[in-house]
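Welcome to the tour! Open your viewer, turn on the cartoon view, and keep the selection box at hand.

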Amino acid sequence: MHLQSRQTLEYNLIKEEVGRYAVSYVGRSLIAELEPMSELTAIHRAVEETAEAKELLMRGSSVPIPSLEGIEWVMSLLGTGYLFNEQDFTAVGVFLNSCGQLRKYMASKDASLRIGAYASSLMELKTVKAEIERCIRFGVIDDGASKGLEKVRKRLRVTKERLLKKIESVMSRHQSILQENLYSMRGGRYVIPVKREYHKQVKGSVLDQSTSGQTVYVEPEEVAALQGELEMLTSEEAREEGIILSMLTGLIEREQDALRLNIEITGVYDFIFAKAKYAAATGAGAVSFNDRGYMRLIGGKHPLLDGMVPIDVEFGQGYKSLVITGPNTGGKTVLLKTVGLLVQMAQSGLLIPADKESQLPVFSEVMSVIGDGQSLTQSLSTFSAQMKGVDEMLRAAGRNVLLLIDELAAGTDPGEGIALSIAILEELSRRGANVIVTTHFNELKTFASAAPQFQNARMEFDPVTLRPLYKLTIGEAGHSYALQIAEKLGLDAGVIERSRQIAGIQPRKQLGEQEMMLWYDREGRMEENDAAGNGKSHAENEPKVRQEQPHSFEVGDAVYISSLGRTGIVYEKRDSKGMVGVMVQKHKMRFNHKRLKPYLSKEELYPEDYDLDIVLDTKENRKKRKLMGRKHVEGLMIIKEKEGDD
């Protein structure tokens with residue numbers, strides 16, 4: 001999956017957290033290589049294994065997973081001719097003993113557990129284990145490792161005892177000229193400390209002297225022969241030990257494939273239980289998956305944010321994408337990051353902090369454009385950086401691709417940014433991608449209402465306290481509450497009041513409302529659905545339009561056009577194609593009757609025998625019609641206003 005998006009969504013931080021629970025170098029290595037999978041069967045297996053491991057931990061079980069301490073060194077030197085020492089064989093012996101404990105532990109558990117199958121493949125290597133235990137005791141080679149070693153060590157002990165008795169006898173005779181009544185060793189040979197001025201009174205060889213020069217260390221002539229014999233026996237001991245170490249090294253060399261298999265299996269167990277320990281620490285659980293593109297995330301929380309309000313997100317049934325609106329600090333960006341991160345975690349075989357009833361689709365790619373992305377080294381502005389990311393999305397967009405975009409085109413001219421945003425979202429939808437985009441543009445709310453496969457959603461905000469509720473409501477558009485928030489933050493009251501005047505006097509006309517609605521009410525909707533390639537019928541792709549009995553709209557009725565968020569007056573009844581003429585703010589447009597909702601009937605709006613021309617016609621045309629009713633006027637005519645294309 002997209003590497004930059006993993007960084008943005010903090011996926012690598014999750015891997016670091018999981019890695020803290022691993023006890024072996026193999027387990028840590030597997031966690032470092034962890035990445036989201038896209039094959040449904042593999043994801044199911046990985047999640048089930050982690051869930052089983054977590055269940056064992058929650059029962060209070062202590063799983064005997066080997067730490068593999070010292071094993072990495074041994075395995076790296078196998079086949080190089082290196083002669084392993086006592087510490088190396090001790091590490092191997094401890095590892096084999098742990099493998100046996102792990103095998104017995106898993107054999108004692110429920111046979112239906114997936115993770116139990118790995119332990120059955122662990123090799124016991126009884127011969128290697130027995131030989132190591134026989135030859136190595138407490139980190140040293142045991143006397144009984146071989147008859148030759150036992151014999152030479154017995155001779156060593158006898159010779160050493162004779163030598164020590166002899167040197168004690170010499171010290172006793174020369175006690176008056178010694179600096180202290182202690183013998184020591186210099187160069188591996190026993191010496192006595194003699195005062196410098198008397199050292200010639202002791203027959204022997206001077207091997208060393210003190211720093212001050214006041215003490216001379218002398219090897220007495222009487223013990224020299226015994227020291228030579230001791231050195232010879234020590235060499236013979238080393239030769240016997242080398243034979244034993246060579247024998248044990250050969251055993252390990254012959255069983256290196258079995259050792260590698262055991263290391264791999266114990267590493268896998270360490271990997272699985274590290275994921276389980278992290279899940280237990282974060283309150284995470286298993287969720288189900290589907291291959292239908294349906295997402296229903298319930299109670300999802302970002303694992304790195306303490307005290308986060310759980311979120312609910314749903315798409316994939318009737319619509320594939322969401323346009324999320326709401327005020328700043330309302331949680332829109334956190335929602336994008338949470339959805340993206342939890343999807344990546346779940347597809348990596350990790351448990352996620354969400355309700356167990358949650359369902360996730362399997363995405364082949366998760367991409368995000370979140371944050372300003374400014375780069376001084378690459379001279380990228382906020383808008384340029386975002387467009388670079390969007391370009392990558394356009395190249396990768398397709399079925400089973402999740403795209404997360406924060407504040408699309410917010411860093412440029414609003415008019416052009418809105419047009420660009422709509423074009424980008426149309427193209428991403430045409431290619432079949434799932435898109436979650438946040439915005440403050442009101443025009444994108446209209447787009448989401450009109451465009452197929454899109455749905456409005458808002459982050460809830462308390463208009464009284466002006467506090468975000470961090471709750472997502474799907475099916476409704478939100479407001480920015482910019483003036484209210486600015487007022488609460490203490491911005492000058494005069495500035496706030498003037499802002500309200502400007503907003504009321506000069507409302508921004510929504511971009512292309514009529515063209516957008518007419519397009520999606522006819523060929524545009526069907527073409528976009530067909531281009532997505534989902535194989536569903538036109539009716540199946542329009543779940544937002546309820547199948548109801550056609551309403552008989554009469555001339556003069558007030559209707560609500562949900563896609564525009566406005567009301568209008570019917571000036572022409574439904575024709576054979578199902579199109580109804582509606583006048584919206586003196587502009588005459590035509591809409592499919594399915595896109596209209598009854599608001600007020602003409603009986604509720606006007607008194608009986610009310611002349612609807614007052615509403616539906618211009619003042620100039622009404623005057624002309626009244627004059628023409630009284631007499632003929634040469635050249636007088638009424639030109640009918642051209643209506644929008646249906």
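What covers the buried residues of α9? Keep that question in mind while you look around; the model in your viewer is a predicted one.

**Stop 1: helix α9**

Select residues 147-173, which make up helix α9. Its 27 residues, at 1.5 Å a residue, should span 39 Å, and the end C-alpha atoms lie 40 Å apart, so the two values agree. Now show side chains for the buried residues of this helix: Leu149, Val152, Arg153, Leu156, Thr159, Leu163, Leu164, Ile167, Val170 and Met171. As you compare their numbers, remember that an α-helix has 3.6 residues a turn, so residues three or four places apart point the same way.

Here is the reply to the opening question: the cover over the buried residues of α9 includes β2 (140-141), β4 (189-195), β6 (215-220) and α10 (221-254). Colour each of these to see them around the helix.

**Stop 2: α8 alongside α10**

Keep α10 coloured and add helix α8, residues 126-135. The axes of α8 and α10 come within 10 Å and cross at roughly 160°. Angles over 145 degrees count as roughly antiparallel, so α8 is roughly antiparallel to α10. The crossing of α8 past α10 is left-handed. To find the contact, select Val128, Glu131, Ile132, Arg134 and Cys135 of α8, then Ile244, Met247, Leu248, Leu251 and Ile252 of α10.

**Stop 3: strand β12**

Is β12 enclosed or open? Select residues 365-369: 5 of the 5 residues of this strand are buried, so β12 is largely enclosed by the rest of the structure. In a regular strand the side chains alternate between the two faces of the sheet. In β12, Glu365, Met367 and Val369 point one way, while Val366 and Ser368 point the other way.

Next, add β13, residues 401-405, which pairs with β12 in the parallel sense over 5 bridges. Zoom in on Ser368 to find its bridge partner in β13, Leu404.

**Stop 4: an open sheet**

Finally, look for 5 strands that form an open sheet with antiparallel pairing, in the order β20-β19-β18-β17-β21. At the edges are β20 (587-592) and β21 (596-600), each pairing on one side only. From one strand to the next, the twist averages 45°.

Inside this sheet, select β18 (residues 566-572) and β19 (residues 579-584): these antiparallel strands are joined by 3 bridges. One pair to look for is Glu572 and its bridge partner in β19, Gly581.

Technical notes: Residues numbered from 1 in each chain as written. Predicted model: local features only at pLDDT ≥ 70, side-chain atom pairs only at ≥ 80, totals over all residues. Heavy atoms only, no water. Helix = DSSP H or I, 4+ residues; strand = E, 2+ residues; numbered from the N terminus. Expected span 1.5 Å × (residues − 1). Buried < 20%, exposed > 50% of the residue type's maximum accessible area, 1.4 Å probe, protein only. Contact = heavy atoms within 4.5 Å. Pairing = 2+ DSSP bridges. Axes fitted to C-alpha atoms, helices over the stretch in contact; angles between N-to-C directions. Parallel < 35°, antiparallel > 145°, perpendicular 65-115°, else oblique. Left-handed = near helix turned anticlockwise from the far one by under 90°.
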